[in-house]
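Biologist: Got a minute to go through this chain with me? I'd like to hear how you back up the labels you put on things.

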Amino acid sequence: MILPIVAYGDPVLRKECMDIDADYPNLKELIVNMKETMYNASGVGLAAPQIGKAIRLFIIDASPFAEDEDLDEADRETLKSFNKVFINAQILEEEGEEWAFNEGCLSIPDVRQDVLRQPKVTIEYQDEDFKTHTEVLEGLAARVFQHEYDHIEGVLFTDKISSLKKRLIKKKLENISKGKINADYRMRFPNLKKGR
(Lines give C-alpha, C1' and ligand atoms only; values in the text may rest on other atoms or scores of the structure.)
Protein backbone atom coordinates (compact mmCIF):
# COMPACT_ATOMS: atom_id res chain seq x y z
CA MET A 1 0.00 0.00 0.00
CA ILE A 2 1.37 3.41 -0.94
CA LEU A 3 1.48 5.66 2.11
CA PRO A 4 1.45 9.48 2.09
CA ILE A 5 4.89 10.98 2.70
CA VAL A 6 5.02 13.50 5.53
CA ALA A 7 6.06 16.97 4.35
CA TYR A 8 8.58 19.36 5.86
CA GLY A 9 7.19 21.11 8.93
CA ASP A 10 5.56 18.06 10.51
CA PRO A 11 6.79 17.59 14.12
CA VAL A 12 7.34 13.84 13.55
CA LEU A 13 10.31 14.72 11.33
CA ARG A 14 11.96 16.38 14.36
CA LYS A 15 11.55 13.48 16.78
CA GLU A 16 14.40 11.31 17.96
CA CYS A 17 12.96 7.91 17.13
CA MET A 18 12.51 4.90 19.42
CA ASP A 19 14.13 1.49 19.06
CA ILE A 20 11.77 -1.32 18.15
CA ASP A 21 11.88 -5.07 18.70
CA ALA A 22 10.56 -8.10 16.83
CA ASP A 23 7.14 -7.65 18.45
CA TYR A 24 6.52 -4.33 16.70
CA PRO A 25 2.99 -4.70 15.25
CA ASN A 26 2.74 -5.54 11.52
CA LEU A 27 6.44 -4.84 10.90
CA LYS A 28 6.76 -6.99 7.76
CA GLU A 29 3.71 -5.30 6.24
CA LEU A 30 5.06 -1.88 7.21
CA ILE A 31 8.37 -2.61 5.45
CA VAL A 32 6.55 -3.78 2.29
CA ASN A 33 4.41 -0.60 2.34
CA MET A 34 7.50 1.59 2.85
CA LYS A 35 9.24 -0.03 -0.12
CA GLU A 36 6.17 0.47 -2.30
CA THR A 37 5.92 4.09 -1.15
CA MET A 38 9.64 4.74 -1.81
CA TYR A 39 9.57 3.22 -5.31
CA ASN A 40 6.35 5.06 -6.16
CA ALA A 41 8.07 8.35 -5.29
CA SER A 42 11.31 7.37 -7.13
CA GLY A 43 13.27 7.61 -3.89
CA VAL A 44 16.45 5.75 -2.90
CA GLY A 45 15.64 5.77 0.81
CA LEU A 46 12.70 6.22 3.15
CA ALA A 47 12.68 6.52 6.93
CA ALA A 48 9.75 5.69 9.21
CA PRO A 49 9.28 9.33 10.36
CA GLN A 50 8.60 10.22 6.72
CA ILE A 51 5.44 8.12 6.93
CA GLY A 52 4.55 9.46 10.37
CA LYS A 53 6.14 6.80 12.62
CA ALA A 54 8.79 7.84 15.16
CA ILE A 55 10.64 4.51 15.14
CA ARG A 56 14.24 3.62 14.25
CA LEU A 57 13.53 2.02 10.89
CA PHE A 58 14.56 2.99 7.39
CA ILE A 59 15.01 1.35 4.03
CA ILE A 60 17.48 2.02 1.25
CA ASP A 61 17.68 0.92 -2.36
CA ALA A 62 20.54 2.88 -3.91
CA SER A 63 20.65 0.79 -7.10
CA PRO A 64 19.50 3.74 -9.31
CA PHE A 65 22.87 5.40 -8.51
CA ALA A 66 24.68 2.37 -9.99
CA GLU A 67 23.92 3.84 -13.44
CA ASP A 68 25.79 7.07 -12.65
CA GLU A 69 28.77 7.34 -15.03
CA ASP A 70 30.45 9.93 -12.77
CA LEU A 71 31.00 7.36 -10.03
CA ASP A 72 33.94 5.00 -10.02
CA GLU A 73 33.46 1.31 -10.80
CA ALA A 74 33.80 0.13 -7.18
CA ASP A 75 31.16 2.64 -6.00
CA ARG A 76 28.76 1.61 -8.78
CA GLU A 77 29.26 -2.07 -7.97
CA THR A 78 28.46 -1.48 -4.26
CA LEU A 79 25.36 0.59 -5.05
CA LYS A 80 23.98 -1.99 -7.48
CA SER A 81 23.15 -4.33 -4.59
CA PHE A 82 22.74 -1.75 -1.79
CA ASN A 83 19.14 -2.63 -0.97
CA LYS A 84 18.53 -3.11 2.75
CA VAL A 85 16.28 -2.64 5.74
CA PHE A 86 17.90 -0.93 8.73
CA ILE A 87 16.36 -1.32 12.19
CA ASN A 88 17.74 0.36 15.33
CA ALA A 89 20.76 1.62 13.37
CA GLN A 90 23.67 3.31 15.12
CA ILE A 91 26.69 5.07 13.66
CA LEU A 92 29.74 3.83 15.56
CA GLU A 93 32.30 5.97 13.75
CA GLU A 94 32.51 8.55 10.96
CA GLU A 95 35.85 9.09 9.24
CA GLY A 96 37.54 11.04 6.49
CA GLU A 97 37.46 14.50 5.02
CA GLU A 98 33.97 15.87 4.43
CA TRP A 99 32.80 16.04 0.80
CA ALA A 100 29.87 17.79 -0.81
CA PHE A 101 27.07 16.10 -2.70
CA ASN A 102 23.75 17.46 -3.90
CA GLU A 103 21.01 15.94 -1.73
CA GLY A 104 17.25 15.99 -1.87
CA CYS A 105 14.52 14.46 0.27
CA LEU A 106 11.04 13.07 -0.42
CA SER A 107 9.69 15.14 2.50
CA ILE A 108 11.13 18.31 0.93
CA PRO A 109 10.24 18.10 -2.77
CA ASP A 110 11.98 20.39 -5.28
CA VAL A 111 14.70 21.44 -2.83
CA ARG A 112 18.24 20.24 -3.44
CA GLN A 113 21.39 21.45 -1.72
CA ASP A 114 25.03 20.47 -1.43
CA VAL A 115 25.60 18.79 1.93
CA LEU A 116 28.97 18.01 3.49
CA ARG A 117 29.36 14.54 5.00
CA GLN A 118 32.25 12.28 5.94
CA PRO A 119 32.94 9.56 3.36
CA LYS A 120 33.26 6.52 5.64
CA VAL A 121 30.98 5.21 8.39
CA THR A 122 31.05 2.18 10.63
CA ILE A 123 27.51 1.17 11.46
CA GLU A 124 25.59 -1.35 13.50
CA TYR A 125 21.99 -2.27 12.77
CA GLN A 126 19.49 -5.09 12.76
CA ASP A 127 17.93 -6.49 9.62
CA GLU A 128 14.25 -7.35 9.28
CA ASP A 129 14.90 -10.70 11.03
CA PHE A 130 16.57 -8.81 13.90
CA LYS A 131 20.02 -10.22 13.17
CA THR A 132 22.68 -7.69 14.19
CA HIS A 133 25.25 -6.55 11.59
CA THR A 134 28.31 -4.33 11.82
CA GLU A 135 29.47 -2.89 8.49
CA VAL A 136 31.70 -0.21 7.02
CA LEU A 137 30.14 1.91 4.27
CA GLU A 138 32.02 4.30 2.01
CA GLY A 139 31.27 6.89 -0.63
CA LEU A 140 27.70 7.28 -1.84
CA ALA A 141 26.46 4.24 0.12
CA ALA A 142 27.71 5.92 3.32
CA ARG A 143 26.03 9.18 2.33
CA VAL A 144 22.62 7.64 1.61
CA PHE A 145 22.85 5.81 4.93
CA GLN A 146 23.80 9.04 6.78
CA HIS A 147 20.88 10.91 5.19
CA GLU A 148 18.34 8.26 6.28
CA TYR A 149 20.03 7.87 9.68
CA ASP A 150 19.59 11.62 10.24
CA HIS A 151 15.83 11.13 9.83
CA ILE A 152 15.63 8.76 12.80
CA GLU A 153 17.63 11.30 14.82
CA GLY A 154 15.16 14.10 13.95
CA VAL A 155 17.60 15.84 11.58
CA LEU A 156 16.91 16.98 7.99
CA PHE A 157 19.50 17.69 5.31
CA THR A 158 18.43 21.35 5.32
CA ASP A 159 19.83 21.55 8.89
CA LYS A 160 23.29 20.94 7.45
CA ILE A 161 23.45 23.87 5.04
CA SER A 162 24.71 27.41 5.67
CA SER A 163 22.43 30.01 7.27
CA LEU A 164 22.55 32.02 4.03
CA LYS A 165 21.29 29.04 2.02
CA LYS A 166 18.63 28.41 4.69
CA ARG A 167 17.39 31.98 4.28
CA LEU A 168 17.26 31.56 0.51
CA ILE A 169 15.02 28.49 0.73
CA LYS A 170 12.93 29.60 3.74
CA LYS A 171 9.87 30.61 1.67
CA LYS A 172 10.04 27.40 -0.34
CA LEU A 173 10.08 25.34 2.87
CA GLU A 174 7.09 27.28 4.23
CA ASN A 175 5.20 26.61 1.01
CA ILE A 176 5.99 22.87 1.22
CA SER A 177 4.60 22.71 4.78
CA LYS A 178 1.42 24.43 3.56
CA GLY A 179 0.98 22.03 0.64
CA LYS A 180 1.76 24.72 -1.97
CA ILE A 181 3.79 22.27 -4.02
CA ASN A 182 3.18 19.83 -6.83
CA ALA A 183 4.72 16.52 -5.84
CA ASP A 184 4.04 13.55 -8.10
CA TYR A 185 3.39 11.27 -5.11
CA ARG A 186 0.98 11.31 -2.14
CA MET A 187 1.97 13.68 0.65
CA ARG A 188 0.62 14.77 4.02
CA PHE A 189 1.11 18.47 4.77
CA PRO A 190 1.25 19.70 8.39
CA ASN A 191 0.08 23.26 7.73
CA LEU A 192 -2.38 22.71 4.92
CA LYS A 193 -5.33 25.05 5.28
CA LYS A 194 -8.52 23.00 5.21
CA GLY A 195 -10.96 23.73 2.44
CA ARG A 196 -8.25 24.88 0.04
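Modeller: Sure. This is a predicted model, and Leu57 makes a good start: its opposite number in strand S4 is Ile87.

Biologist: How do you know that S3 and S4 count as a pair?

Modeller: Two strands need at least two bridges between them. S3 and S4 (residues 83-95) have five, running antiparallel, so they pass the cut-off of at least two.

Biologist: And what makes S2 and S3 a pair?

Modeller: Three bridges, again in the antiparallel sense, with S2 covering residues 45-47. One of the matches is Ala47, whose bridge partner in S3 is Phe58.

Biologist: Why is S3 called mostly covered?

Modeller: Strand S3 spans residues 57-61, and five of its five residues are buried. Buried means under 20% relative accessible area.

Biologist: Which residues of S3 lie on which side?

Modeller: Leu57, Ile59 and Asp61 are on one side, with Phe58 and Ile60 on the other. Side chains in a regular strand alternate between the two faces of the sheet. In S3 both faces are covered, as the residues on either side are all buried.

Biologist: Let's move to Gln113 in strand S6. Why is Gln113 called buried?

Modeller: Gln113 has 12% relative accessibility, so it counts as buried, the limit being under 20%. Leaving out neighbours within four places in sequence, Gln113 is in contact with Phe101, Asn102, Glu103, Phe157, Ile161, Lys165 and Ile169.

Biologist: Then why is Lys166 called partly exposed?

Modeller: Lys166 comes out at 35% relative accessible area. Buried would need under 20% and exposed over 50%, so a value in between is partly exposed. Lys166 is found in helix H4, residues 163-177, and touches Thr158, Asp159 and Ile161, not counting residues up to four places away in sequence.

Biologist: How far apart are Lys166 and Gln113, in sequence and in space?

Modeller: They are 53 residues apart along the sequence and 9.9 Å apart in space, C-alpha to C-alpha.

Biologist: What makes the chain as compact as a globular protein of its length?

Modeller: First, the layout: four helices and nine strands, in the order β-α-β-β-α-β-β-β-β-β-α-α-β from the N terminus. The radius of gyration is 16 Å, close to the 16 Å the globule rule gives for 196 residues, so the chain is as compact as a globular protein of that length. Its C-alpha atoms fill a box of roughly 50 × 40 × 30 Å along the principal axes.

Biologist: What share of the residues is buried?

Modeller: Buried residues make up 46% of the 196. As for contacts between residues at least 6 apart in sequence, 67% join residues at least 24 apart.

Biologist: Last topic, the largest pocket. How many residues line it, and which lie nearest its centre?

Modeller: It has 27 lining residues, with Val44, Gly104, Cys105, Leu106 and Arg112 nearest the centre. Strand S5 (99-105), strand S6 (108-117) and helix H3 (139-152) each give two or more residues to that lining, and H3 gives the most, with six. The volume is about 440 Å³.

Biologist: How does the lining of the largest pocket split by class?

Modeller: There are 12 nonpolar, nine polar and six charged residues. Watch the Gly104 near the centre: Gly is counted as polar, so Gly104 falls in that class.

Key
Residues are numbered from 1 along each chain as its sequence is written. This is a predicted model: local features need pLDDT of at least 70, side-chain atom pairs count only at pLDDT 80 or more; totals for chains, interfaces and linings use all residues. Side-chain values use heavy atoms; hydrogens and water are left out. On a 1 Å grid over the protein atoms alone, a cavity is a set of points where a 1.4 Å probe fits but cannot get out, and a pocket is an open set with protein on both sides within 12 Å along at least five of seven lines; lining residues have an atom within 4 Å of a point. Grid points are joined across faces, edges and corners, and a volume is the space filled by probe spheres set on the points. Buried means under 20% relative accessible area, exposed over 50%, partly exposed in between (1.4 Å probe, protein chains only). Contact means heavy atoms within 4.5 Å. The radius of gyration is taken over C-alpha atoms; the globule rule is 2.2 Å times the number of residues to the power 0.38.
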